[in-house]
Amino acid sequence: MTTRAIPVVVLAGFLGSGKTTLLNHLLRSSGGTRIGAVVNDFGSIEIDAMTVAGQADAMVSLGDGCLCCAVDTSDLDGVLATLARPEARMDVIVVEASGLAEPETLIRMILGSAEPGIVYGGLVEVVDAAEFPRTRVAHPELDRHVALADLVVLNKADRVAAADATGLLETLSGLAAGVPVVTAEYGRIDPALLYDRPPRERPDVEQLSFDQLAREEYEAREAEREAARARAGGDGPHLHQAYESVDFTSDEPMDPRRLTAFLDARPDGLYRVKGFVDFGPGDPDHMYEVHAVGGFLRFRPLPRDRTDASRTQLVLIGAGVDTDALRGALAEARGPVVVPGAPDEDPYGMWGVLRHVPEPEEYEEPREPETRAETAEPGEPAEPADADGSYGPGDPYDPADDR
Ligand SMILES: Nc1nc2c(ncn2[C@@H]2O[C@H](COP(=O)(O)OP(=O)(O)OP(=O)(O)O)[C@@H](O)[C@H]2O)c(=O)[nH]1
């Protein structure tokens with residue numbers, strides 16, 4: 001029996017570009033390919049890890065801080081060694097970098113890994129179509145990240161006009177000369193772009209030449225880039241140097257009006273918010289996943305019996321933000337707990353949240369029409385609650401739509 005080296009693919013992209021969404025798409029559409037996921041969260045609450053857990057064949061979280069800053073690379077080596085054990089039977093390992101990571105450093109760490117069972121499998125750079133023009137101005141180093149990629153995914157194509165998407169594709173193709181640039185919505189790319197489908201029984205000689213070629217090609221390209229960087233005066237500042245994160249946890253439910261007022265008026269520098277919110281009596285049946293990226297804000301209801309999240313856990317990431325003020329504002333947005341049916345109950349309190357809930361069709365994997373008909377229970381509504389497909393306060397949120 002031959003043992004082939006397992007490709008390690010690095011999934012990078014600026015804060016909120018859609019890396020976890022893409023990783024989850026790969027995991028859901030793996031079609032038998034065994035994927036090991038390594039997730040590196042920037043904050044100490046591991047929101048990404050919680051979102052990915054349960055879907056991967058094996059998931060390891062390397063939390064709190066950018067992996068690329070680790071002086072000691074043994075953490076990553078240890079994780080790769082565990083996932084590469086023959087008993088784990090992995091076909092591919094995907095390392096999701098934090099949104100502030102330097103992909104270059106991560107690639108070097110993988111190439112320099114002492115683990116013989118792995119081979120560097122390429123860099124996928126995810127770009128947020130709606131935010132890239134702005135973030136690129138603030139962070140010119142993003143151009144360098146795109147240039148390093150082996151595959152560029154122009155994600156969130158649904159958020160820009162077709163003409164803007166075309167312009168962005170041209171820009172990205174110019175930056176990443178010679179590599180594929182694909183557009184995507186919710187990270188739905190063809191997994192074959194990243195790895196071969198179960199490449200189990202390949203003859204020795206083919207495996208060797210394939211892996212060897214990939215490495216040699218990368219090393220030649222890297223040497224060229226290294227020389228170009230040295231001529232230009234080095235790597236420049238790392239993204240995460242300017243950013244700070246605030247973690248917030250509360251066992252007390254959050255007040256929907258005060259939390260949405262805070263989020264709707266969030267300071268400019270606060271680029272990313274993610275996590276889970278418990279609105280207590282505001283919606284006893286659901287926890288809410290929240291995401292803010294730049295000017296974009298979304299809540300997504302998660303039936304309580306189908307999520308491990310049980311209390312409010314938020315990570316806020318920004319540059320030039322007053323972290324104490326953020327903590328104070330979040331503390332102010334807690335409770336008081338309203339007793340259902342009591343006179344001071346706020347029946348419209350959740351409206352501000354529901355305004356930011358997308359229709360499930362927007363973010364779900366497309367389903368075959370007959371799948372829904374087959375899985376529907378007798379009497380279960382076949383259509384969303386309202387004629388326009390939206391959910392409003394009082395409408396039952398159908399857990400089947402979360403599937
Ligand atoms: N409209 C739209 N939203 C998207 C798309 N892809 C992802 N999102 C949303 O963007 C938000 C951030 O997505 P994530 O996958 O968490 O982004 P990330 O890159 O992992 O974020 P960080 O780990 O914080 O850097 C979530 O609300 C996603 O549902 C897309 O193609 N279109």
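Visitor: Which element supplies the largest share of the shell around the ligand?

Guide: Helix H1 does, with three residues. Helices (H or I, at least four residues) and strands (E, at least two) are DSSP runs, numbered from the N terminus. This is a predicted model, in which local features need pLDDT of at least 70, side-chain atom pairs count only at pLDDT 80 or more, and totals for chains, interfaces and linings use all residues. Residues are numbered from 1 along each chain as its sequence is written, and side-chain values use heavy atoms, with hydrogens and water left out.

Visitor: How many residues surround the ligand, and which are the closest?

Guide: A residue is near a molecule if one of its heavy atoms lies within 4 Å of it. Here 20 residues surround the ligand, and the closest are Thr20, Thr21, Asp158, Tyr186 and Arg272.

Visitor: How does the shell divide by class?

Guide: Ala, Val, Leu, Ile, Met, Phe, Trp, Tyr, Cys and Pro count as nonpolar, Asp, Glu, Lys and Arg as charged, and the others, Gly among them, as polar. The shell has nine charged, eight polar and three nonpolar residues.

Visitor: What polar contacts does the ligand make, and how far apart are the atoms?

Guide: A polar contact is a pair of N or O atoms within 3.5 Å. A ligand oxygen lies 2.9 Å from a polar backbone atom of Gly18. With side-chain N or O atoms, a ligand oxygen is 2.7 Å from Thr20 and a ligand oxygen is 3.4 Å from Glu96.

Visitor: How much of the ligand does the protein cover?

Guide: Accessible areas come from the Shrake-Rupley method with a 1.4 Å probe. On its own the ligand has 650 Å² of accessible area, and the protein covers 95% of that. Helix H1 (19-28) and strand E9 (270-277) are the elements that give two or more residues to the shell.

Visitor: What is the sign of phi at Lys156 and at Tyr186?

Guide: Most residues other than glycine have a negative phi. In this model, phi is positive at both: near 60° for Lys156 and near 50° for Tyr186. Lys156 sits in the loop between strand E6 (151-155) and helix H7 (162-175). Tyr186 sits in the loop between strand E7 (181-183) and helix H8 (204-232).

Visitor: Is Lys156 buried or exposed?

Guide: Buried means under 20% relative accessible area, exposed over 50%, partly exposed in between (1.4 Å probe, protein chains only). Lys156 has 11%, so Lys156 is buried. Of the 403 residues of the protein, 51% count as buried.

Definitions and conventions. Polar contact = N/O pair within 3.5 Å; in protein donor to acceptor, adjacent residues only side chain to side chain.
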